[in-house]
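Visitor: I would like to learn how to read this model. Please take me through it feature by feature.

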Protein chains: 2
Amino acid sequence: MPYIELESHLPGITGLLEYRKDSAQPIRDLTQYLFRGPSTLTEAERELIATIVSYGNECKFCTTAHTAAADLLTGDASITEQIKQDIQTAQVSGKMKALLNIAVLTRKGGKNVTAEAIEVAKAANATDLEIHDTVLIAALFCLYNRYVDGLATALPADAGYYNVLAERLVNHGYTRLPQGYDHLKKTAAQ
Amino acid sequence: MPYIELESHLPGITGLLEYRKDSAQPIRDLTQYLFRGPSTLTEAERELIATIVSYGNECKFCTTAHTAAADLLTGDASITEQIKQDIQTAQVSGKMKALLNIAVLTRKGGKNVTAEAIEVAKAANATDLEIHDTVLIAALFCLYNRYVDGLATALPADAGYYNVLAERLVNHGYTRLPQGYDHLKKTAAQ
């Protein structure tokens, strides 16, 4: 049971974002910008960064949700499985291996990101902006994972929830659902 | 030297917020809301939470900046020193001891926040909203600390910088400086 009173039909982050809408708005805006804004990283690549960080932080809600989103975007569920096992042998580009490694180091703590890890990324043609966004996305998920688990939010009763959520994140992004999408909200909440 | 090209006269977080203004805006908005928005926690108490988390994450820039801000707000620099040594014997209220403890646990990882730690806070009359905000502020500083150190941002050349920054945070908040405050920016950058 969550440590604070949240709407019981809204698991994980969704209940927290409804609990305090004023703080939720900039969190949504930041996520929307980093994940769906202009970038030379694909949306799938950005979801892989969220996935590997949430997995390392052992945040079940975030890991499952972003794995589902990444899988929907790549169309190949084996990739998320591979990066969780071993980034270096996963079927992703050399640049993504280097960026996922930076994300893992950022998760452990800012000082863990070494000049060598950055050099490997730059040698694989990662730009400053891609390195910046990787560190910031990893840092953002260190926020999300702590927010979700620090308040002991509930997991969805039905695992099918994650696929509905992933469809929503992929097709509608991280901002609030506009009017007219209440059916999606209701489906997600079941 | 920072891992990406930042304006050399802007140390720590300040250079990052200028580097990517679009992602900076929601980060500023979230911080402004949590630190200067309506709350039953004083501004000083909220700065103490930022201080203890940054200290635990060994982020020198954030620790020094928020220590200076807390000191300016409390008017007693011994309090930040005390909480760094031992929260339980520090000269803060029982509620703040419990909330600072929750912040420390959140910093270590969301799953570290125990039902017992929450019970202690509730027994000391902490509200759900205060517990929520404590976890979110701690999580936000896990983002900031990783962002600042993960990209190896520079420290200010002059330690007096932190007092100027603290004055700015206390009197002008976390939003961008309005037109007409360029002198403050220049002073901070020296």
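Visitor: Which residue of chain A comes closest to the rotation axis?

Guide: Two copies of a chain are related by a rotation about an axis and a shift along it. Here A:Pro26 comes closest of the residues of chain A, its C-alpha lying 2.3 Å from the axis. This is a predicted model: local features need pLDDT of at least 70, side-chain atom pairs count only at pLDDT 80 or more, and totals for chains, interfaces and linings use all residues. Residues are numbered from 1 along each chain as its sequence is written, chains are lettered from A and ligands numbered from 1 in the order written, and side-chain values use heavy atoms, with hydrogens and water left out.

Visitor: What turn and shift lay chain A on chain B?

Guide: A turn of 180° and a shift of 0.0 Å along the axis, with an RMSD of 0.0 Å. The superposition is by least squares on the C-alpha atoms of residues with pLDDT of at least 70 in both copies. That is the relation of a two-fold axis. The same surface serves both copies: 100% of the contact residues of chain A recur in chain B (contact means heavy atoms within 4.5 Å).

Visitor: How much area do chain A and chain B bury between them?

Guide: The size of an interface is often given as the accessible area lost when the parts come together. The two chains bury about 3700 Å² (1.4 Å probe, summed over both). Carbon and sulfur atoms account for 65% of it. In chain A, A:Tyr3, A:Arg20 and A:Arg146 lose the most area to chain B, together 20% of what that side buries.

Visitor: How many salt bridges are counted between chain A and chain B?

Guide: Four (a side-chain nitrogen of Lys or Arg within 4 Å of a carboxyl oxygen of Asp or Glu). One of them joins A:Asp149 to B:Lys111, with the closest N and O atoms 3.4 Å apart. Helix 8 (128-150) of chain A is among the helices that each supply at least two residues to the side touching chain B (helices are DSSP runs, H or I, of at least four residues). Helix 8 gives the most, with 15 residues.

Visitor: How many aromatic pairs are there over all chains?

Guide: A pair of aromatic rings is described by the distance of the centres and the angle of the planes. The count is 12 (ring centres within 6.5 Å; planes under 30 degrees apart are stacked, over 60 edge-to-face, the rest tilted). A:Phe61 and A:Tyr161 form a tilted pair, 6.2 Å centre to centre with 45° between the planes. A:Phe61 lies in helix 4 and A:Tyr161 in helix 9 of chain A, so the pair ties together parts 100 residues apart in sequence.

How values were computed:
Rings of Phe, Tyr and Trp (its six-membered ring) pair if their centres lie within 6.5 Å; planes under 30 degrees apart count as stacked, over 60 as edge-to-face and the rest as tilted.
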